[in-house]
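Please walk me through this protein structure, beginning with its aromatic rings and moving on to the sheet, the cores and the cysteines.

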Amino acid sequence: MVQQKPLMKKVTVLSTVLMFAFSLLAGCEGMNDYSANPDHRLHFSADTLSFDTIFSSVGSVTKQFMVYNPNGEALKIESIMLANAGKSGFRINVNGRRGDSFKDIDIWKKDSLYVFVEVTVNPNGAHQPLIIEDSILFYTNGVRQSVLLQAYGQDIRLIKGGVTFAKDTTLTAELPYLVYDSLTVAEGAALTLEKGVRFYMHSQASLIVAGTLRAKGTREEPVLFRGDRLDYIYAEIVLPYDRIPGQWRGIYFAPASFGNELDHVIIRNGFSGLVFRESTPEQKKMDIRHSQITNMDDHLLVAINCWIEASDSEFSNSTNATVALIGGKYRFAHCTLANYKKIGKSRNLQSPCLMLSNHLKSDENEQACPLLQAGFDNCIIDGSFSADSTHLYSGELMFFTKEQGEEQGHDATFNYRFNSCLIKTAAVENERFVRNLFVKSPSYLKTATREEAYEYDFRLAGESAGIGRADRAVSEQFPVDRYGVSRLTGDTAPSIGAYEYVYQEEEKKD
């Protein structure tokens, strides 16, 4: 019995080895058993792979599709190749292998493989986007199948490594600008942006203005600042990155920057919108007209001790205060300040739409900043906060004052006035609030539901509060709205806010 145990162990091991060898031989035999039937075709998860606009010389995001073998037998793909390899700018990767052409690719029955695609567009001197196409060709049992590749290419002027405009400079709209780092306007220099100029700002890019910025767009051709992501974050609800805040840093104005102008300008999806460092109200800092600043992941407009005037403009959607004014002198006329932000990198939606303060507080110290003037005429101040009717200055209006009780206003230190505005706050009765509407929000055309892919349209909808309630004397100073609609001629004119009410077809009721 003692001598038989090693023999039994050897027999068991030998049987296991033989069984494993036979299984390998059987597997190898199956691996060589490919279908030769030309009716056994490949299936693809997409017949066309499309890329959104790609900037010249800058690579795209990577997209993918899957190749399926739905048949009951294995297939050998004789070749996979780019039809215009090396010419179109497309690059492919098949199951982790890079190249332009691949031979003898096995795909087992009911199995699949990945194909990854990227594209880089070569500059061609064209001012308008051009379409670039190629195909990936698949040959199996003598049958050719293909997946179409499409991309729109746009020539750009690439600004990289940090650029400073040290003297007066004018930028034209022939090509858009892709800014990778920072743009700086030096003190004493002026940067003029002609109508239609477009800036695509890369992550962390910013515009720093120590001199003067004059952006002169038109209603048809506004000046645009936005992030450089042109693709979609959630394809299932067609949500573009362009609606996601925090795509770039923002625009910052130094203390000695004066005489700035924004006329028909759109600034969107940054971390901050417009940041005005501590300055002086003795010189006008900024004029904002017929513009839209929207969708920021921090403050949207913050100014410390500045002189700023804004009219016919929309300031909308931010994580922190949409407009924060600390000391200085300001006038907002026919503006819409609205905060219904639903998405973004920061979720701390704790700040009201409008904040006024007469002191500046930091970790190190606190200093008085008299609010010499803060006038709001025919403005909407609205958002998603509740207007608690039992508390003054709740909802979308917040006052920070140095002295207790100063919220009622003080001509020298906390001088504010609201005239014919729609304010989502508890009703206020004092001489600094004249002919205002309180508590209730107006109705808008779009408030960014999931079905609307988080798109906003702050034009007033039918029977909304604020229609026909503006101070006409103020409207006569600003006779057309942001879209060029007359404030003085309609049956319901003039309306409060940046947009004159115009009946829209989508308001029809069934």
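In this predicted model, Phe 65 is buried, since its relative accessibility is 2%, whereas Phe 44, at 21%, counts as partly exposed. The rings of Phe 44 and Phe 65 form an edge-to-face aromatic pair, with 6.5 Å from centre to centre and 70° between the planes. Because Phe 44 belongs to strand S1 (residues 43-44) and Phe 65 to strand S3 (residues 63-68), the pair ties together parts that lie 21 residues apart in sequence. A contrasting geometry is found for Tyr 456 and Phe 458, whose ring centres are 5.6 Å apart and whose planes meet at 15°, so this pair is stacked. Here, too, the burial of each partner can be stated: Tyr 456 is partly exposed at 24% relative accessibility, while Phe 458 is buried at 3%.

These pairs belong to a total of 26 aromatic pairs in the structure. Ring pairs also link Phe 315, Phe 332, Phe 376, Phe 399, Phe 414, Tyr 416, Phe 418, Phe 433 and Phe 438 into a cluster. Some of these names return when one turns to the nonpolar cores, for Phe 315, Phe 332 and Phe 418 are, together with Phe 225 and Leu 356, the residues that touch the most other members of the largest core, which holds 64 residues. The strand that gives the most to this core is S29 (residues 301-311), which supplies five residues. Apart from this core lies another one of 27 residues, including Phe 102, Val 119, Val 147 and Ala 151. As a general background, nonpolar side chains in soluble globular proteins tend to be buried together.

The surroundings of Phe 418 can be followed in detail. Leaving aside residues up to four places away in sequence, Phe 418 touches Leu 354, Leu 356, Phe 376, Ile 381, Leu 397, Phe 399, Ile 423, Arg 432, Phe 433, Val 434 and Asn 436.

Turning to the strands, five of them form an open sheet in the order S2-S10-S9-S4-S7, and the pairing within this sheet is mixed. Strand S2 (48-55) and S7 are the edge strands, each of which pairs on one side only. On average, and with direction ignored, neighbouring strands of the sheet are turned by 20° against each other.

Within this sheet, strand S4 (residues 75-82) pairs with strand S7 (residues 101-107) in the antiparallel sense over six bridges, and S4 is also joined to strand S9 (residues 130-140), again antiparallel, by four bridges. Ser 79 shows both of these pairings, since this residue stands opposite Lys 103 in S7 and has Tyr 139 as its bridge partner in S9. Strand S9 in turn runs antiparallel to strand S10 (residues 143-154), to which eleven bridges join it, and in that pairing Glu 133 stands opposite Gln 150 in S10.

Finally, how many disulfides does the model contain? The count is zero when a disulfide requires cysteine sulfur atoms within 2.5 Å of each other. Cys 335 illustrates the result, for the nearest cysteine sulfur, that of Cys 379, is 4.8 Å away, and Cys 335 is therefore in no disulfide under that cut-off. Cys 335 counts as buried at 0% relative accessibility, and Cys 353 is likewise buried, with a relative accessible area of 0%.

Methods: Residues numbered from 1 in each chain as written. Predicted model: local features only at pLDDT ≥ 70, side-chain atom pairs only at ≥ 80, totals over all residues. Heavy atoms only, no water. Core = buried A, V, L, I, M, F, W, Y, C linked by side-chain atoms within 4.5 Å. Buried < 20%, exposed > 50% of the residue type's maximum accessible area, 1.4 Å probe, protein only. Helix = DSSP H or I, 4+ residues; strand = E, 2+ residues; numbered from the N terminus. Contact = heavy atoms within 4.5 Å. Pairing = 2+ DSSP bridges. Axes fitted to C-alpha atoms, helices over the stretch in contact; angles between N-to-C directions. Phe/Tyr/Trp six-rings, centres within 6.5 Å; stacked < 30°, edge-to-face > 60°.
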